[in-house]
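Hi there,

Here is the structure I promised to pass along. Have a look through it first, and then read on for my notes.

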Amino acid sequence: MTAVWAVIAAPALVLQWSRAGELERRIGNKSLAERVALFDSPASPLANTLARAIPPGGCVTLLAYAGPAAIEYYNARLDYLLYPRRVQVFADAAAAQDDCEFVGVFRDTAANLAAEPFAGSWDSDALEARAASLERVSSDSLVRIYRTR
Amino acid sequence: MGVFGLAVTAILGWLVLPRRLQANPIEGLCLGFALAVFGISAEMFLFDLVGLGWNGWVILAPWVAGAAWLTGKRRPFLDLKLDAWQLAPALAGLAVLGAWWPYERGMPLTSQTWDAWAIWLFKANAFYLDQGIDAYLARSAEFLGQPGYPLLTPLYATFLYQLEGGVSDQLGKLTSPCFFVALLGSVHYLARRIAGVVAAALFTASVALTPLLSQVAFELAGYADTALSVYMLLAGGFLYVWLREDSVVDLGAASIAATAAAWTKNEGQLFLAAVVAIIAIRLVRRHGHISRWAWLAGPPLALLGPWSLVRMGQSVEASGFTLGADFQAALFGTALSTMLAKAFTLGSLNLAFVAVVAASVAGILLKLQRSFWVVPGLVAWQFLGALLAYSTGRNEIEWWLATSADRLLSQTAPLAILAAAIAYGLWIERLPVEVVPAPAPKSKKRRRR
């Protein structure tokens, strides 16, 4: 009986051995930071930048140029990575910041946008005018962070 | 320190196991891990309720004291008794763990396993940073996770974070592979008690070689399904043994394991309801002693009662559904055909559900005793529960089935295999015992001559 079981399981095990080999080749001797860049980008570097600018009790409204499913993903992922900060992500450049003291402006990677195009509301000129009225706290290739005055 | 926490969980759990279970050291570490994960998570919940805080060493203190006291009274069962048959599960287990192990380095980084971080480890993260559960529950409306889900997985991960001194995804996720190993040891223990050493080796190897089980444990590390499969297996197995042998230790083990299942995931609450009903019927029929009623009611009431109160106090709804509510027959049909197709997909669940069907046919043909039907009955009960949940139409059915049906089946697959072990055990009990005449003692006179 067990021999039959093993024969049936063999293809799945062989496939998994092959996937494991592939994973080992990708991971190699990479450090944790390098593995993060490989597997959890851009959410993790985005969260790191936000975490440096926003104190643990803070709140950020993230205006995100990203596809609809990506918005849900970033909402959940940034909740996880930035807890206990409050995070709200919108695919709307005019979204209200309510009582959040920080506003972030983020554009998803080209690859992600190609896979899932933006479907929200984004007036770049209006966004720049809005940003001009805010105090810029930090900026990198992923996200610009502003403090509301 | 977190990995030390995983190891010490298994060791302390083993040392506090009742000696009457006679689990060998490997089985004992596996059963002990399952027991102590449940115990530590329950302890953390109760510590939080009474404001004791969550120092990792303080949490371990009662376990160390209990282990020392019990070991002083009577040393644990140390007889390993390995024989050639044990090579089968050992090789199968090593082959599977070897195939999956590289995944461990990718575990903390994969953001694909949505439920792991968005539900289970998010809570662990929040509980650790808040040093309590109330702050997260109070804010739960902000998050996409399921705040009403039970707390075994997040609270045990929080315990590991306490020992580690920081949040560590990898540690939280490593719990799933540990539960996979605990699953193998638990199957071996139960099958050995029920059907003997050879059957234990073969059925344990079969569980190890069921691809979906290792996939859920590693690829979906951080999910609660592997833990749930262990507790369902233990509850069903100990329940069967109690019905046969009527030992209060087995009754207690069944009740604790079923409570642990309900403390792990909502499907476990449906499972607990069935186990409680079966035990209660037996106790009513046999005029069970009050102590047995206490073993039945104590664990669920002591833990799930306060959890319900805390949840309601924070206006957090229990995630789940009401059996029979919003029933849509068309969805039931879709779910049934998909679940059956998945259950009998050999490349995924191997022969696990074929085994429970074969065991049931054997049960009918051999007119096996009523206690046998408890285990296949629990498998069928969970299957029906899943179908009724899908029939509510709370989510788009195709998406819902695609993202959860495999995992639901993985929860009961070990129990399905255990049903076959029980049928096998009952069958060999009926085989006529061949009487081998003992050799006649040699005469002393002849020896002298």
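Below is what I found, going from the overall layout to the sheet and then to the contact between the chains.

Please keep in mind that this is a predicted model. Chain A is split into domain 1, covering 2-30, and domain 2, covering 39-147. The C-alpha centres of domain 1 of chain A and domain 2 of chain A are 39 Å apart.

**The sheet**

Chain A has an open sheet of 5 strands, and their order is β2-β1-β3-β5-β4 with mixed pairing. At the edges sit β2 and β4 (135-139) of chain A, each of which pairs on one side only. On average, neighbouring strands of this sheet are turned by 25 degrees against each other, direction ignored.

You can see both kinds of pairing if you zoom in. Strands pair through backbone hydrogen bonds, in either the parallel or the antiparallel sense. The parallel case is β1(A), residues 59-65, with β2(A): 5 bridges hold this pair. One place to look is A:Cys59, whose bridge partner in β2(A) is A:Arg86. Between these two strands the chain passes through helix α4(A), residues 68-82, making a right-handed β-α-β crossover. That helix, α4(A), lies across β1 and β2 of chain A and runs at about 165 degrees to β2(A).

For the antiparallel case, go to β3(A), residues 102-107, and β5(A), residues 143-147, which are joined by 5 bridges. Here A:Val103 has A:Tyr146 of β5(A) as its bridge partner.

**A closer look at β2(A)**

Which side chains of β2(A) point to the buried face, and which to the other? In a regular strand, side chains alternate between the two faces of the sheet. Along β2(A), residues 86-90, A:Val87 and A:Val89 point to one face and are buried. A:Arg86, A:Gln88 and A:Phe90 point to the other face and are not buried. So A:Arg86, the bridge partner of A:Cys59, belongs to the set that is not buried, by the cut-off of 20 or more other C-beta atoms within 10 Å.

**Where the chains meet**

Between the two chains, 28 residues of chain A are in contact with 31 residues of chain B. On the chain A side, the elements giving two or more residues are α1 (2-27), α2 (32-39) and α4 of chain A. The most come from α1(A), with 14 residues. By type, this side of chain A divides into 19 nonpolar, 3 polar and 6 charged residues.

Happy to go through any of this with you whenever it suits.

Best wishes

How values were computed. Residues numbered from 1 in each chain as written. Chains lettered and ligands numbered in written order. Predicted model: local features only at pLDDT ≥ 70, side-chain atom pairs only at ≥ 80, totals over all residues. Buried ≥ 20, exposed ≤ 12 C-beta atoms within 10 Å, placed from the backbone. Helix = DSSP H or I, 4+ residues; strand = E, 2+ residues; numbered from the N terminus. Pairing = 2+ DSSP bridges. Right-handed = clockwise from strand over helix to strand, strands pointing away. Domains from an automatic or database assignment. Contact = placed C-beta atoms within 7 Å. Nonpolar A, V, L, I, M, F, W, Y, C, P; charged D, E, K, R; others polar. Axes fitted to C-alpha atoms, helices over the stretch in contact; angles between N-to-C directions.
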